[in-house]
Amino acid sequence: MAKTDTPQAVPVSTDRATADRTSIGQLFWQGGTVLALVALIAFFGVMRPDAFLTFANLRNLLLQIAILTIIAVAQTVVMVVGNFDLSVGTNATLSGATAAALMVGGTSMPVAIAIGLLVGTLVGVANGILVAFAGLSALVATLASMTTIGGLAFLVTDGTTLYGMPEAFGWFGQSRHLGIPMPVIFAAVIALVIWLVLRFSTTGRRWYAVGGSAEVARLSGINVRWMRFFAFTVAGSVAALGGIILVSRLGSASATSANNYMMLAVAAALLGMTVLKSGQANIGGTLVGVAIIGVMSNGLNIIGVNTYYQQVLTGLIIVAAVLLSALKTCSR
């Protein structure tokens, strides 16, 4: 008589417990960035509740991160297609300086702003051509662009700080609507528009497809080169808008005014990539990353931490963002 094997009993309870632990771990892993933001707010709120948890400070915080938000959104667009743009900061500087120099020289404000936006868009076009059609790596192409644009910014400003823009130009960066600073409104609108494009448009879905797997996207009939080119062009335009609003807010333009935003924008976008399970760049996550950087900077200023220590902590955040993003990519 043939002997049949008896199936072994499945330890259901053990498997279920393991699955529960795994799901809790994944939930904690995905929500870790948001929890870090909540922890920072709680920490500074406990340290200085009279100064940190006030409406005036919240408005000040939003104003501080408005320009970073715009530039980080530009960086996110490029990172969605699997690349990055090291020139977003200098592009914003050059665009704002160009508009300021033209206005100081007597050009009408609308024309100067339009030319500033055109300059930023052309920088994006150049980056797109170098990366998408010339086949250069984004690191090499945008690093070269960053250096070139930085030099052009010094030529445009003649190495000095430009003042004397029309008073009406201050509306973009210094006015308020219903008590909300205009840079905050601009940042919110730009982030919303780009989120809608990424979430609901065909172009957004194609950008994500290219970023997920360029070869699969190509085999699916997507023109990968044009999608990358278009992403860099949009990023250039958005960065230019951020630079012009920054000049309006400061009431002056220099050759380095927005350069420091580049690394912070990369850090915010990388932190944002840890929010989604897919590990892809996304606007919601980028806003969380920007908020972390802004809350930390604002809170450290309030409790009186030295600027040098703040730079060290900012660098550590960037390192943590890169590590988290790399771990997220490996876990996919």
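# Getting to know this chain: worked exercises

Of the 332 residues in the protein chain, 45% count as buried. Keep in mind that this is a predicted model.

## Exercise 1: The overall picture

Task: Work out how many helices and strands the protein chain has, and what share of its contacts join residues at least 24 apart.

Solution. Start with the elements: the protein chain holds 13 helices and two strands. Next, take the contacts between residues at least 6 apart in sequence; 77% of them join residues at least 24 apart. Finally, look at the outside. The protein chain exposes about 16,500 Å², with 68% of that supplied by carbon and sulfur atoms.

## Exercise 2: The sides of α8

Task: Find the buried residues of helix α8 (residues 202-212) and say how they are arranged around the axis.

Solution. First, pick out the buried ones: Gly-204, Trp-207, Tyr-208 and Val-210. These residues cover an arc of only 160° around the axis, so they sit on the same side of α8. Now ask what lies over them. The cover includes α2 (55-80), α7 (182-200), α9 (214-219) and α10 (224-250).

## Exercise 3: The cores

Task: Identify the residues that touch the most other members of the largest nonpolar core, and the helix that gives the most to this core.

Solution. The largest nonpolar core has 85 residues, and the ones touching the most other members are Ile-71, Phe-169, Ile-194 and Trp-207. Helix α2 gives the most to this core, with 14 residues. Apart from this core lies another one, of five residues, including Leu-94, Val-123, Ile-149 and Ala-255. As a bit of background, nonpolar side chains tend to be buried together in soluble globular proteins.

Now zoom in on Ile-194. Skipping residues up to four places away in sequence, Ile-194 touches Val-73, Val-77, Val-234, Val-238 and Ile-283.

## Exercise 4: Checking up on α12

Task: Compare the expected span of helix α12 (residues 283-302) with the distance between its end C-alpha atoms, then look at its two ends.

Solution. Step one is the span. At 1.5 Å a residue, the 20 residues of α12 should span 28 Å, and the end C-alpha atoms are 28 Å apart, so the two agree. Step two is the cover: α12 is mostly covered, with 15 of its 20 residues buried. Step three is the N-terminal end, which Asn-282 caps; a side-chain oxygen of Asn-282 lies 2.5 Å from the backbone nitrogen of Gly-285. Step four is what follows: just after α12, Gly-304 takes a positive phi of about 85°.

## Exercise 5: Three residues in helices

Task: For Asn-57, Ala-239 and Thr-142, decide whether each is buried or exposed, and list what each one touches.

Solution. Leave out neighbours within four places in sequence for each contact list.

- Asn-57 lies in helix α2. Its relative accessibility is 9%, so Asn-57 counts as buried. Asn-57 is in contact with Ala-51, Phe-52, Asn-298 and Ile-302.
- Ala-239 is in helix α10. With 0% relative accessibility, Ala-239 counts as buried. Ala-239 touches Ala-74, Val-88, Asn-91 and Ala-92. Thr-121 is 118 residues away from Ala-239 along the chain, yet their C-alpha atoms are separated by 8.6 Å.
- Thr-142 belongs to helix α5. Thr-142 also counts as buried, at 0% relative accessibility. The contacts of Thr-142 are Phe-84, Asp-85, Leu-86, Ser-87, Asn-127 and Phe-232. Look at Leu-86 in particular: its backbone nitrogen lies 3.2 Å from a polar atom of the Thr-142 side chain.

## Exercise 6: Two positive phi values

Task: Locate Asp-158 and Leu-178, and decide whether they are buried or exposed.

Solution. Begin with the background: most residues other than glycine have a negative phi. Asp-158 is not a glycine, yet has a positive phi of about 60°. Asp-158 is found in the loop between α5 (138-157) and α6 (171-174). Exposed means over 50% relative accessible area. Asp-158 has 65% relative accessibility, so Asp-158 counts as exposed.

Then do Leu-178, which has a positive phi near 55° and is also a residue other than glycine. Leu-178 lies in the loop between β1 (176-177) and β2 (180-181). With a relative accessible area of 78%, Leu-178 is exposed.

Definitions and conventions
Residues numbered from 1 in each chain as written. Predicted model: local features only at pLDDT ≥ 70, side-chain atom pairs only at ≥ 80, totals over all residues. Heavy atoms only, no water. Buried < 20%, exposed > 50% of the residue type's maximum accessible area, 1.4 Å probe, protein only. Helix = DSSP H or I, 4+ residues; strand = E, 2+ residues; numbered from the N terminus. Arc of directions from axis to C-beta. Contact = heavy atoms within 4.5 Å. Areas by Shrake-Rupley, 256 points an atom, 1.4 Å probe, with all protein chains shown as cover. Expected span 1.5 Å × (residues − 1). Polar contact = N/O pair within 3.5 Å; in protein donor to acceptor, adjacent residues only side chain to side chain. Core = buried A, V, L, I, M, F, W, Y, C linked by side-chain atoms within 4.5 Å.
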